[in-house]
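User: I'm new to this one and would like to see how its labels are earned. Could you take me through a few of them?

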Amino acid sequence: MGFWIYGERTEEGFHPVVLELVGVAQKIWPQPEEITVVTLGAEGARPVAEALRAYGVRVLWLHHPELSYFRDDLYAAVLAEKVRAFKPEVFLFGATSQGQALAPRLAGLLRLGLTAHCTALELKDDRLIQIRPSFGENVMAKIVSRTRPQMATVRPGVFPKAQPASVEGELIEEKLEFLPPSALKRRAVFSRPSKESPLSGARIVVAGGRGLLTKENFQKLFELAEILGGAVGATRPVCHMGWISEDHMIGVSGETVAPKLYIGFGISGALQHTVGIEGAEVVVAVNTDPEAPLMKRADIAVVGDATQILPRLIRRLREVKEGDHGT
Amino acid sequence: MHLIVCLKPVPKPGTVKVDPKTHTLKRESADLILNPPDRYALELALGLKEKYGAKITALMMGPPNAAPLLKEAYALGADQLVLLSDRIFAGSDTLATSYILAQGLQKLSPFDLVLMGKASIDGETAQVGPETAAWLGLPSLTQVKSLVLEQGRWVARRVFERIEEEVEFRAPAVLTVEPEGELWPPSLKRWLASREIKEKVFSAEDLGCNPELCGLSGSPTQVLEVFSPTYEGEREVLSGPPEEVVDRLVSLLQERGLLKGG
Ligand SMILES: Cc1cc2nc3c(=O)[nH]c(=O)nc-3n(C[C@H](O)[C@H](O)[C@H](O)COP(=O)(O)OP(=O)(O)OC[C@H]3O[C@@H](n4cnc5c(N)ncnc54)[C@H](O)[C@@H]3O)c2cc1C
């Protein structure tokens with residue numbers, strides 16, 4: 001049972017990050033039949049566990065009435081026992097609230113290394129290379145673990161989701177007899193107003209940073225977004241300056257986007273921002289400074305004054321669009 | 001009631017330099033500040049102190065030059081200041097750090113609650129809280145935004161992405177605190193008084209730490225290398241007069257099929 005993935009459940013089924021983890025596992029792990037999603041729950045969660053088989057992965061479903069909701073101590077203790085028994089090589093978690101509560105508790109119990117918030121994973125001679133931003137220094141770090149399983153949490157929204165497979169995976173069901181005691185008891189649950197981000201699912205994102213100089217310039221991004229059928233994103237400082245509301249913020253403290261096209265105007269490309277665009281297919285940067293980090297990572301680096309380029313781009317695209325209509 | 005708030009010294013954003021040749025971090029050159037999210041843990045503790053009466057210990061693992069940051073915690077209302085400092089602690093990853101903190105907490109026990117910030121702004125791992133709880137065999141809860149005591153049991157309100165839950169537990173426990181709500185500034189009187197306050201310093205030996213579990217040797221994760229993200233694949237650089245640049249940009253986007261709605 002080589003490659004384990006924690007199967008976080010939500011009210012609606014699996015958390016989307018589970019399929020992203022399956023996707024990355026299928027890409028890097030040489031024995032696809034060893035990819036296993038481990039999920040805990042009460043008997044009633046069976047359909048959720050069943051549903052994952054369609055992605056061609058093995059599902060290890062551990063159930064007991066006491067596991068009906070997430071409890072840090074109990075879930076970690078159950079997983080610790082299974083890890084000891086099955087000795088997986090890798091164990092990944094989504095870097096969600098639950099994943100970030102559970103993975104470190106498990107790592108602590110088993111005295112294992114754990115790398116947080118990975119944005120890329122590679123496999124090299126059996127070793128999982130865990131790549132994550134090191135924010136203070138604006139660099140990426142490659143991290144390996146001396147202990148097994150190699151544990152990491154992965155930022156949601158970075159990897160593409162797995163696709164349904166032609167062959168169903170097997171379901172291994174285990175009804176747990178004895179559970180360790182839990183010190184935690186849930187008394188009530190409240191739903192949180194789900195703030196659907198204006199950026200979620202956007203295929204094109206046009207984002208602006210301090211280099212746009214004024215709020216008026218920044219507002220032009222909305223025109224551009226409209227022409228392109230995209231959404232507007234921003235860096236943290238411009239949100240704080242009140243150019244746009246914080247739900248447009250991209251990065252560690254904001255949203256993760258994975259559009260086909262991202263255009264950043266006057267954005268330096270601090271890692272706190274760029275972790276939010278790891279999944280973008282084509283990155284365009286517009287900056288007066290050709291050495292800015294975002295210019296270096298861009299597929300198309302436009303050296304120039306964003307306040308000049310943006311209005312001209314809007315005009316040119318309008319022309320192109322009208323031209324299209326003519327033909 | 002004894003509350004222990006863990007505080008981390010972090011480099012002030014923008015003050016860490018990377019050695020351009022070796023790609024190693026020149027951490028010594030950075031100015032240190034209290035990790036901002038930890039302030040919310042302290043704030044929650046101060047609220048509990050006001051409501052129920054409590055002694056608050058501010059606990060920090062860090063180099064000797066981080067000690068002045070503890071005075072800030074005193075100025076804000078902490079009663080006792082403790083620094084865990086030893087050369088063998090350097091290079092600790094989260095597992096080793098949580099081991100050292102757990103040793104420190106044992107030294108300071110009995111306690112009711114250990115409160116930590118949700119994550120640090122330099123590491124951003126959010127791991128040390130639950131890992132410390134695991135070393136101590138205590139329950140852990142993350143992203144707690146409020147706490148009340150009801151007939152000897154604590155009730156925490158805790159945040160997930162889509163839900164909040166109310167959880168009941170008995171002390172002692174280790175909690176991380178959601179950074180939200182107001183922060184009160186320190187009082188001038190306590191600021192002045194903090195100059196006279198000395199922190200207690202504990203070394204690895206004072207804590208009975210197993211050196212094998214501290215620092216680099218106690219850290220199962222190892223940084224292989226750090227690198228500036230550069231991306232393979234050809235990069236187009238466009239420069240020149242804005243009009244021309246825009247024309248070329250538009251044709252490039254068209255070529256790649258990025259301008260069609262589908
Ligand atoms: C704990 C923490 C969390 C953070 N979280 C986030 C986050 O989630 N998201 C985020 O974005 N940031 C975040 N930040 C901030 C981040 O570190 C950077 O400071 C921020 O992303 C920089 O924003 P910027 O690119 O708009 O501004 P700057 O870094 O100031 O960059 C402006 C750029 O514009 C260029 N420029 C100037 N004039 C022009 C012009 N006329 N035309 C074209 N280019 C021009 C400059 O060359 C420069 O590259 C966080 C920071 C911390 C400490």
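Analyst: Sure. Let's start where two helices meet: A:Q100, A:A101, A:P104, A:R105, A:A107, A:G108 and A:L109 in α4(A) touch B:P130, B:E131, B:A133 and B:A134 in α4(B). Keep in mind that this is a predicted model.

User: What makes that a contact, and how do the axes of the two helices lie?

Analyst: Contact means heavy atoms within 4.5 Å. As for the axes, those of helix α4 (residues 97-110) of chain A and helix α4 (residues 128-136) of chain B come within 7 Å and cross at roughly 40 degrees. The crossing of α4(A) and α4(B) is right-handed.

User: Why is α4(B) called mostly covered?

Analyst: Buried means under 20% relative accessible area, and nine of the nine residues of α4(B) are buried. They are B:V128, B:G129, B:P130, B:E131, B:T132, B:A133, B:A134, B:W135 and B:L136.

User: What do the buried residues of α4(B) pack against?

Analyst: From chain A, they pack against α4 and β7 (114-118). From chain B, the partners are α3 (94-108), β8 (113-117), β9 (140-150) and β12 (173-177). Just after α4(B) comes B:G137, with a positive phi of about 70 degrees.

User: How do you know that A:A80 is buried?

Analyst: A:A80 has 3% relative accessibility, and the cut-off for buried is under 20%, so A:A80 counts as buried. A:A80 sits in helix α3 (residues 72-86) of chain A. Setting aside neighbours within four places in sequence, A:A80 is in contact with A:L106, A:L109 and A:L110.

User: What makes A:R46 and A:E173 a salt bridge?

Analyst: The rule asks for a side-chain nitrogen of Lys or Arg within 4 Å of a carboxyl oxygen of Asp or Glu. The side chains of A:R46 and A:E173 meet at 2.9 Å, N to O, so the pair qualifies. A:R46 is in helix α2 (residues 46-51) of chain A and A:E173 in strand β12 (residues 171-175) of chain A, so the pair ties together parts that are 127 residues apart in sequence. By that rule, the count over all chains is 32 salt bridges.

User: Why are A:R46 and A:E173 called partly exposed?

Analyst: Partly exposed is the range between under 20% for buried and over 50% for exposed. A:R46 has 27% relative accessibility and A:E173 has a relative accessible area of 37%, so both labels follow from that range.

User: Which chains and helices do B:E243 and A:R312 link?

Analyst: The side chains of B:E243 and A:R312 form a salt bridge at 2.9 Å, N to O. This pair crosses between chains, from helix α6 (residues 242-255) of chain B to helix α9 (residues 306-326) of chain A.

User: And B:E199 and B:K198: which is buried and which is exposed?

Analyst: B:E199 is at 13% relative accessibility, so it counts as buried under the 20% cut-off. B:K198, with a relative accessible area of 65%, is over the 50% cut-off and therefore exposed. Their side chains meet in a salt bridge of 3.7 Å, N to O.

User: Last one: what makes up the nonpolar surface patch of about 310 Å²?

Analyst: That patch is made by B:L188, B:W191 and B:L192. A patch residue needs over 30% relative accessible area, and B:L192 has 45%, so B:L192 passes that test. B:L192 is placed in helix α5 (residues 188-194) of chain B.

Notes
Residues numbered from 1 in each chain as written. Chains lettered and ligands numbered in written order. Predicted model: local features only at pLDDT ≥ 70, side-chain atom pairs only at ≥ 80, totals over all residues. Heavy atoms only, no water. Patch = residues over 30% accessible without salt bridge, like charges linked within 9 Å, V, L, I, M, F, W, Y side chains within 5 Å. Areas by Shrake-Rupley, 256 points an atom, 1.4 Å probe, with all protein chains shown as cover. Helix = DSSP H or I, 4+ residues; strand = E, 2+ residues; numbered from the N terminus. Buried < 20%, exposed > 50% of the residue type's maximum accessible area, 1.4 Å probe, protein only. Axes fitted to C-alpha atoms, helices over the stretch in contact; angles between N-to-C directions. Left-handed = near helix turned anticlockwise from the far one by under 90°.
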